[in-house]
Amino acid sequence: MEAPDDLNLNDTSQRKRSRSLNVLQIVLPIPHLEASPHWLAIARWVPQVLMVAWVLTLPFEFTKLYFPNQAFEVSRVVLVLCLAAFAVQLVVERRELRLPFSASTIGLALLTAYAVVSAVVVGSVPGVRTAGAMVAYLLMTITLFNLVQTQEQHRRIWSALAVTAIILSVVGLFLYLTNSYIWNPPNAG
């Protein structure tokens with residue numbers, strides 16, 4: 001099997017591109033601000049750290065019990081921070097926003113748009129909250145699509161997910177051994 005004509009592995013930029021995932025995408029140009037090298041380094045580093053932190057906190061929905069306001073969860077706080085850091089990176093450095101272009105992505109966007117319109121038209125407060133969460137997770141998907149491009153970045157995210165699974169297993173084992181619950185069973189009242 002021959003390599004494609006446009007792929008010359010002797011060229012370093014071509015090799016870098018060959019290691020990233022090839023996905024059909026739409027690229028939107030973003031106006032940018034000039035920033036010092038110090039701020040550029042921060043704009044590159046913070047989203048990468050927050051992205052791993054978000055993956056690590058995904059399964060911990062029970063953390064909202066420990067906040068004074070029951071609407072907050074650690075994973076959602078980290079999600080908002082990650083979205084904000086990516087927005088700063090877009091304006092300071094990236095200069096473009098890549099959107100995945102596939103049938104599943106279009107379906108997800110249409111479903112999210114339907115949920116938002118439906119919740120607003122009906123005026124359901126829980127529906128608006130759910131639609132807001134759907135929009136936030138859709139934006140996070142776009143953020144991950146833009147930040148996780150190489151195999152090394154994918155390895156980092158999958159490693160964080162594996163650590164999360166191990167932590168959840170330990171928490172589950174502890175709860176089982178102590179006969180306690182994060183949530184009360186439905187028949188416990």
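## Close-up views of a predicted model

A search of the whole structure, a predicted model, finds 2 salt bridges. The legends below take up these pairs, then a buried methionine, its core and the model's confidence.

**View 1. Arginine 98 and glutamate 96 form a salt bridge.** The two side chains meet at 2.7 Å, N to O. Arginine 98 has a relative accessible area of 24%, so it counts as partly exposed. Glutamate 96 is partly exposed too, at 25%. Side chains of opposite charge can pair when their charged atoms come close.

**View 2. Glutamate 152 and arginine 155 form a salt bridge in helix α6.** Here the distance from N to O is 2.8 Å. How far apart are glutamate 152 and arginine 155 in helix α6? They are 3 residues apart, so about one helical turn separates them. Glutamate 152 is partly exposed, with 44% relative accessibility. Arginine 155 is also partly exposed, with a relative accessible area of 47%.

**View 3. Methionine 51 sits in helix α2.** This helix runs over residues 37–57. Is methionine 51 buried or exposed? Its relative accessibility is 1%; buried means under 20%, so methionine 51 counts as buried. Leave aside its neighbours within four places in sequence, and methionine 51 is in contact with Cys82, Leu144, Leu147, Val148 and Ile157. Look also at leucine 83, which is 32 residues away from methionine 51 along the chain. The C-alpha atoms of methionine 51 and leucine 83 are 9.2 Å apart.

**View 4. The largest nonpolar core holds 20 residues.** Which of them touch the most other members? They are Met51, Trp54, Leu79, Met140 and Ile157. Two or more residues come from each of these elements: α2, α3 (74–94), α5 (125–147) and α6 (151–178). Helix α3 gives the largest share, 7 residues. In soluble globular proteins, nonpolar side chains tend to be buried together. Met51 fits that picture: methionine 51 is buried and belongs to this core.

**View 5. Confidence varies along the chain.** The mean pLDDT of the chain is 76. Of its residues, 72% reach 70 or more. Where is confidence lowest, and where is it highest? It is lowest in helix α1 (residues 12–19), at a mean of 40. It is highest in helix α4 (residues 103–122), at 92. Over residues 1–20 the pLDDT is below 50. Beyond near neighbours in sequence, this stretch has 14 contacts in the model.

Methods. Residues are numbered from 1 along each chain as its sequence is written. This is a predicted model: local features need pLDDT of at least 70, side-chain atom pairs count only at pLDDT 80 or more; totals for chains, interfaces and linings use all residues. Side-chain values use heavy atoms; hydrogens and water are left out. Helices (H or I, at least four residues) and strands (E, at least two) are DSSP runs, numbered from the N terminus. Buried means under 20% relative accessible area, exposed over 50%, partly exposed in between (1.4 Å probe, protein chains only). Contact means heavy atoms within 4.5 Å. A nonpolar core is a set of buried Ala, Val, Leu, Ile, Met, Phe, Trp, Tyr and Cys residues joined through side-chain atoms within 4.5 Å. pLDDT is the predictor's confidence in each residue, from 0 to 100. A salt bridge is a side-chain nitrogen of Lys or Arg within 4 Å of a carboxyl oxygen of Asp or Glu.
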